[in-house]
Structure formats: C-alpha cells, structure tokens
Amino acid sequence: MDKLDWQGYVQKVASCDVPIPLTMINDFEDWKCRSIVGRMLLILKDMEGAMEVLATVKDVQPDMNDAPEYGLSEAEHKVLCLRDIAEIVWQLTGTGDAPVFYLKQAYKLCRDYEHIFRSADRGKIWVRALEIMRSCGEEEKALVQAHAMLEAEKATPGINPYRFHALKFIAESMAAQGDYNKGSILITEAYQSFPVTEAAERDLAEAAALADAKERYEAYHHCTTIQYQPWERGNIPTLDDVRRLQEENMRKREAAKAQGAEGVANLINQLK
C-alpha cells in the first residue's frame with residue numbers, strides 16, 4: 001500500500017456518514033491509525049481496502065503494558081484487527097483454517113492482557129472460532145473445545161465471558177437438535193456468569209414465563225444478543241472522570257497555544 005492509497009482510505013473514513021476526525025487517523029506511521037482506518041473500512045463494506053490496511057498491522061507486537069485511562073489499548077487494537085482480518089478471510093473464502101488461526105492469535109492476546117478492554121468481548125473473540133468451525137462441519141470438535149473451556153473455567157466463579165459463551169454455544173447445539181428445554185436451561189446457567197442488570201432480569205423473567213419450549217428458548221437466545229452492560233468493571237467513566245479529562249485537555253490546549261505550532265502538533269498526538 002502506497003501513501004496515495006492510504007490517503008484515499010483516510011479520506012473515505014473521514015467523509016463517511018459517521019466520520020472519524022482526521023487528527024485521529026491521518027498518521028500512517030502510527031499503526032493504531034491504520035487499525036482504526038482498516039476496521040472502519042470493513043464497517044463501510046470495503047473489504048478489499050480493509051484487508052489492505054489491516055494487513056499492515058497483523059504482525060505488529062502490541063505493548064501489553066499499555067493501559068490508557070480512556071480509549072483502546074494497543075492490545076485491544078490488535079485483537080480487533082485480528083478479529084476483523086478473520087472475518088474478511090472467512091467471508092471471502094468460506095474456509096475456516098485461516099480465520100481460526102487469526103482468532104486464536106486474538107484469543108491469546110485476550111488471555112495475556114491484564115488490563116481493561118473497552119469494547120472487545122474476550123469471550124466472543126474466543127467463541128467466534130468455534131462458530132466458524134461449526135459452519136465448516138466441525139461442530140463436534142468445536143463442542144469438545146466448549147466443554148473444555150467450561151472445565152477450565154469452573155474455578156473462576158462470577159462474571160466470566162468465556163463460560164458464558166461456552167454455555168451459549170452448547171445451548172445452540174442442543175436447540176439445533178430440537179432440545180429446546182436443554183438449550184433454555186444452559187442459557188439460564190450462562191447468565192450466572194453475565195453482568196446482569198435490571199433490564200436483563202426483566203427480559204429473562206419474560207422468557208422464563210413462556211410455555212412453549214421453542215418460544216422460550218428463542219426469547220432466552222434473543223437476550224444473549226443484547227449487551228446490557230460492559231463485561232469489565234471500570235469500563236465506563238464517571239461524570240467526575242469526564243470533567244477531569246476535560247480540564248486536563250483544556251490545560252494542554254492552553255500550554256500548546258503558548259508553545260506555538262510545535263505545541264499544537266504535540267497536543268494532537270497526545271489526544272489520539
């Protein structure tokens with residue numbers, strides 16, 4: 001990818017219906033900018049462009065100690081890039097080996113990273129490989145991995161995205177075989193590992209009240225499509241956090257003005 005192609009992709013992302021400011025994406029030398037542009041191109045259905053940009057990121061080694069107060073860490077950027085590369089390859093080829101390879105790399109980063117993820121669902125990253133295996137006729141192999149995950153995570157009670165998605169995956173298999181009662185039971189069990197809110201409790205109660213087994217399972221499964229709140233604590237800043245960040249950015253702007261053009265350039269880099 002040459003610089004002319006890069007600028008074309010940047011302009012496409014910066015001028016779409018949900019534009020991203022140029023200051024956040026223009027620097028080709030910053031791989032996180034390429035990460036944002038590549039993933040946004042996929043959202044815009046430009047798979048060829050997305051793959052060209054994301055290919056420049058796939059071998060980057062993220063700083064696993066990077067834990068910004070706001071925004072995505074390097075580890076999360078890399079996980080999301082690998083996830084999207086896997087999806088592009090899957091959509092273009094319909095074969096599972098390469099997508100599963102990239103998803104396993106993403107899963108390893110999910111396991112190794114010890115800080116908060118802002119948007120990535122670690123369990124969903126892991127289970128996506130199993131879903132692709134199922135679509136490729138390897139459901140039994142995928143189920144073995146799901147049960148192995150449950151065994152590995154049984155000593156980790158409380159909120160657990162890996163346990164949640166493993167149980168959901170097995171429930172889907174049961175429902176596909178016509179055992180809707182078992183599928184419902186498994187999803188109910190999965191929600192013991194989910195950060196349940198009042199809205200989730202209401203929806204689950206409504207599902208439980210349905211008499212027909214298939215309708216009950218479908219209502220339970222619909223609940224799994226809703227992220228009622230973030231998986232990881234500390235993911236949402238408080239009003240005090242936002243106010244503090246605004247004050248900090250104001251101080252940076254005033255300092256940049258005092259330093260002239262060089263200060264403004266440094267400020268843009270800090271705010272990315």
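**Entry 1: aromatic cluster**

Which residues form one aromatic cluster with Phe164? I looked it up: Tyr191, Phe194, Tyr228 and Trp231 join Phe164 in the cluster. Before going on, I note that this is a predicted model, where local features need pLDDT of at least 70 and side-chain atom pairs count only at pLDDT 80 or more, while totals for chains, interfaces and linings use all residues. Residues are numbered from 1 along each chain as its sequence is written, and side-chain values use heavy atoms, with hydrogens and water left out.

**Entry 2: overall layout**

I started with the secondary structure and got 14 helices and zero strands. My helices are DSSP runs of H or I with at least four residues, strands would be E runs of at least two, and numbering goes from the N terminus. Read along the sequence, the pattern is α-α-α-α-α-α-α-α-α-α-α-α-α-α.

Next I checked burial, with buried meaning under 20% relative accessible area, exposed over 50% and partly exposed in between (1.4 Å probe, protein chains only). Of the 272 residues, 42% come out as buried. The chain exposes about 14800 Å², and carbon and sulfur atoms supply 53% of that. Those areas are from the Shrake-Rupley method with a 1.4 Å probe, and for residues only the protein chains shown count as cover.

I also looked at contacts (heavy atoms within 4.5 Å). Among those with a separation of 6 or more, 64% are between residues 24 or more positions apart.

**Entry 3: helix α5 and the core**

What should helix α5 span, at 1.5 Å a residue? For the 20 residues of α5 (residues 74-93), I expect 28 Å, and the end C-alpha atoms are 29 Å apart, which agrees. The expected span is 1.5 Å times one less than the number of residues. I find 16 of the 20 residues of α5 buried. Just after α5, Gly94 takes a positive phi of about 70°.

Then I went to the largest nonpolar core: here a core is a set of buried Ala, Val, Leu, Ile, Met, Phe, Trp, Tyr and Cys residues joined through side-chain atoms within 4.5 Å. It has 71 residues, and Val37, Val79, Trp126 and Tyr191 touch the most other members. Helix α5 gives the most to this core, with ten residues.

I pulled the neighbours of Trp126, skipping residues up to four places away in sequence: Tyr107, Gln145, Ala146, Met149, Tyr162, His165 and Ala166.

**Entry 4: rings**

I searched the whole structure for aromatic pairs and got eleven. The rule takes rings of Phe, Tyr and Trp (its six-membered ring) with centres within 6.5 Å; planes under 30 degrees apart count as stacked, over 60 as edge-to-face and the rest as tilted.

Trp6 and Phe28 are edge-to-face, at 5.4 Å centre to centre with 70° between the planes. Trp6 is in helix α1 (residues 3-14) and Phe28 in the loop between α2 (22-25) and α3 (31-43), so the pair ties together parts 22 residues apart in sequence. Trp6 has 0% relative accessibility and counts as buried; Phe28, at 19%, counts as buried too.

Back to the cluster of my opening entry: Phe164 and Tyr191 have ring centres 5.3 Å apart and planes at 85°, so that pair is edge-to-face. Phe164 sits in helix α9 (residues 161-176) and Tyr191 in the loop between α10 (180-190) and α11 (198-208), 27 residues apart. I find Phe164 and Tyr191 both buried.

I checked for charges over rings as well (NZ of Lys or CZ of Arg within 6 Å of the ring centre and within 35 degrees of the ring normal). The charged end of Arg34 sits over Phe28, 5.1 Å from the ring centre. Arg122 lies over the face of Phe117, at 4.0 Å.

**Entry 5: α3, α4 and the loop between**

Is Ile43 buried or exposed? Ile43, in helix α3, counts as exposed at 58% relative accessibility. Its C-alpha is 9.8 Å from that of Asp84, 41 residues away in sequence.

Lys45 is in the loop between α3 and α4 (47-54). I noted its positive phi of about 70°, although Lys45 is not a glycine. Most residues other than glycine have a negative phi. At 73% relative accessibility, Lys45 counts as exposed.

Met51, in helix α4, is partly exposed at 26%. Leaving aside neighbours within four places in sequence, I find Met51 in contact with Ile85, Ile88 and Val89. The C-alpha atoms of Met51 and Asp84 are 8.6 Å apart, with their positions 33 residues apart along the chain.
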